Amino acid sequence: MEYDKGIINNRLNHPNLFWGCLLNIKTYIRAILAIGLLAIGYTTVHYGYMQGLALGLLPIGFYIVLIGLQKPKSTFYAFFVLNYFLMGIGRYSMGSDFPFGTLIDATIVYIFLVLLVQSILTKNYFQWENINNIFTYLSFAWLLYCMSELFNPLCLSAEAWSSSIRGIAFYMFAVACVAPVVIHKFKDLKTLMFIWSLLTVIAVCKALIQKFIGFDFAESYWLFVLGGQLTHIIGYGVRYFSFFTDAANFGAGMAMSMTVFSIYAIFVKGKLRVWCVIVALLAFYGMVLSGTRAALAIPFVGYVLLVLLSKKAKLILSVSIIILLSFSFLKYTHIGESNALIRRMRSALDANDPSMVVRYQNQAKFKTYMVDKPFGVGLGLAGVKAKRYTPDSYVASIPTDSWYVMLWIETGIVGLLLNLLVMFSVIGYGCYQVLFRIRSNLLKGINIALIAGTTGMMTASYVNEILGQFPNGIIIYTSMAMIVMSSKFDKELSDTESHEQP
C-alpha cells in the first residue's frame, strides 16, 4: 500500500496538537529526553550523584547490549576496557557501598549469554573447541579447589570466601573459557594488543595530570581522608597511581606494558614499531612515577626470557648488554644518587632494605603458624583485609605483602602449589611453542612479549599482591589465554600463506 506524502505532511502540520504529537517521532524523542533529564535530576538530588549518573548511563548501556548481541568480539573488548577503568571509577564513589566488582561479574555473564544466544538462535559459529586447552583444564581444577575451601574447617567466614574467590579463581577460569572462543583470529589478537596500548597511554596521561596539574577531589579524598598518603606521600616524594588501586598496582601494570610493547616493537616494522616504542617509553616513565621498586623485576625477567627465546644472535647480544649495564648501574654504582626516583629504584636491589627485612620476618612468623595447615585458613582470611571478617585472628595482624604468601596462608601449601602449576604450565607451553612450533616471526614475537610480561608479573607478585588485582589480573589471564592459542594462530597464518602462494 502506498501513502500520499502530502497527506502525512498535512497531518504532521495539523493544528490539532494531539495528532501532531502522535505522528511526529521527533516529538517523542524530545519528550523522552525531557522526562529522562527530569528523572536524572530528581534521582541525583534525592539519592546521590552516583545513582543519577547510573540512571543517565542506562541508554548507553542498552546500546552496548544491542551491539554486543550483534558483535560478541566487541563485548569482550568492552570487558577488557571496563576492567582497566573499574577501580578508577570506583574511587569517585567516595564511600558508596556499590560493589563495582560486580560490574565485571555481570559483563562476564553477559558474554556467556551472548555466545549462547548467538550459537542457538542465529546458528553463529564459534570455535568452542578452543577451550580444549591446558589453561582451561588447570584453571577449572584451581576453581574447584578454591570452591572446596568453603568447607575448610578453619574457614570462619563465608562472606570472606565469596568476596575473594572471584579475583583468585573465578576470573581466571572465566577468561580461560571466553577469550579463546571470542578472540580466535590473529587479527583479533592484534586488535586486542592495540587496545591495550591505548589504555596504557591513557593511564600514563592520567599520572602526568596528577604530577603536573594535581589530584582531583576524589583522589585527594582517597589520599588525605582514607589514608592513602601514608604509602603514597613519603620521604622521597609522591608515588603516583593514575586510576589504578594504588601506586604498586600502577607501577606493575606499566612495567608489564613496557616489557610487552618494547619486545613487540622488535618484531614489527613501520608505523606500528614507532607506536610500540612510544607506548613502551611512556609506560617506563609511568613505572618510574609510581615509585614501585618491585616493578623493576618485570622488565629484568622479561628481557632475560627474550634472550632465551629469541634464538637471534644479534638480539641476544644487544639485550644481554642492556640487562647487564642496567643491573650494574643500579647495583654497583652511585650515579644519579641525588635523584630520589633513581635512589628508590636502586634500593630494590638491596637485600638489607628495611621493607624486605620486615617481609622476611613476617614470612618466618607465618611459617611457624602454617606447619599443621596444609589447606590454609580459608579464602579472604589472611592479612589486613581479614580484619573485616576475623579481626582477632593471628594472621589478620600480619601483612602478607605478597600474592604467593597470601595464597599460602589462605589455601595452604597445597593450594599454592596448584596455583603455581597453572601458571608455570601455561608459560612452559608458550615457551615450547615459541622454540619448536611457531613458524610466523610476528606471532613468535607477540608470544615472547606476552610470556615475558606474564612471567615478570609473576615474579613481581612475590613482594606485592598484584597478580589478582584490577586491572592486572584480567590482563594476565587474557595474555595466558592468547599464549595457549598460539598453535591455532600459527595454523591460521600458515594456511593463509599457502593460499596466497601461486
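## A buried serine in a loop

In this predicted model, S157 has a relative accessible area of 9% and therefore counts as buried, since the cut-off for that word lies at 20%. The residue is found in the loop between helix α8, which covers residues 134-148, and helix α9, which covers residues 158-182. When residues up to four places away in sequence are left aside, S157 touches L381 and Y389.

## The protein as a whole

The protein has 502 residues, of which 48% count as buried, and its secondary structure comes to 22 helices and two strands. Among the contacts between residues at least 6 apart in sequence, 76% join residues that are at least 24 apart.

## Helix α13 against helix α10

Two packed helices are described by the angle between their axes and the distance between the axes. For helix α10 (residues 186-212) and helix α13 (residues 247-266), the axes come within 11 Å and cross at roughly 135°. An angle over 145° would count as roughly antiparallel and one from 65° to 115° as roughly perpendicular, so the pair of α10 and α13, which falls in neither range, is called oblique. The crossing in which α10 passes α13 is left-handed.

On the side of α10, the contact is made by K190, M193, W196, S197, T200, A203, V204 and A207, while α13 contributes F250, M254, M256, S257, V260, F261 and Y264. Sorted by character, the residues of this contact comprise 11 nonpolar, three polar and one charged.

## Helix α13 against helix α21

Helix α13 also meets helix α21, which is made of residues 472-484, and here the axes come within 10 Å and cross at roughly 25°. Because angles under 35° count as roughly parallel, α13 is described as roughly parallel to α21. This crossing of α13 and α21 is left-handed.

The residues that meet are N249, A252, G253 and M256 in α13 and N472, I475, I476 and S479 in α21. The contact of α13 with α21 divides into four nonpolar residues, four polar residues and no charged ones. M256 of α13 appears in the contact with α10 and also in the contact with α21.

## Aromatic rings

A pair of aromatic rings is described by the distance of the centres and the angle of the planes. The structure holds 20 aromatic pairs. One of them is formed by F170 and Y171, whose rings lie 5.9 Å apart from centre to centre with 55° between the planes, an arrangement that is called tilted. With a relative accessibility of 28%, F170 counts as partly exposed, because this value lies between the limits of 20% and 50%, whereas Y171 is buried, with a relative accessible area of 4%.

Another tilted pair is that of F261 and Y264, with 6.5 Å from centre to centre and 45° between the planes. These residues stand three places apart in helix α13, and they are therefore separated by about one helical turn. Both F261 and Y264 are buried, and both are listed among the residues of α13 that make the contact with α10. Aromatic residues also gather in a group, since Y84, F85, F243, F244 and F250 form one aromatic cluster, and F250 is likewise one of the α13 residues in the contact with α10.

Technical notes. Residues are numbered from 1 along each chain as its sequence is written. This is a predicted model: local features need pLDDT of at least 70, side-chain atom pairs count only at pLDDT 80 or more; totals for chains, interfaces and linings use all residues. Side-chain values use heavy atoms; hydrogens and water are left out. Axes are lines fitted to C-alpha atoms, for helices over the stretch in contact, and angles run from 0 to 180 degrees between N-to-C directions. Helices (H or I, at least four residues) and strands (E, at least two) are DSSP runs, numbered from the N terminus. A crossing is left-handed if the near helix is turned anticlockwise from the far one by less than a right angle, and right-handed if clockwise. Contact means heavy atoms within 4.5 Å. Ala, Val, Leu, Ile, Met, Phe, Trp, Tyr, Cys and Pro count as nonpolar, Asp, Glu, Lys and Arg as charged, and the others, Gly among them, as polar. Buried means under 20% relative accessible area, exposed over 50%, partly exposed in between (1.4 Å probe, protein chains only). Rings of Phe, Tyr and Trp (its six-membered ring) pair if their centres lie within 6.5 Å; planes under 30 degrees apart count as stacked, over 60 as edge-to-face and the rest as tilted.
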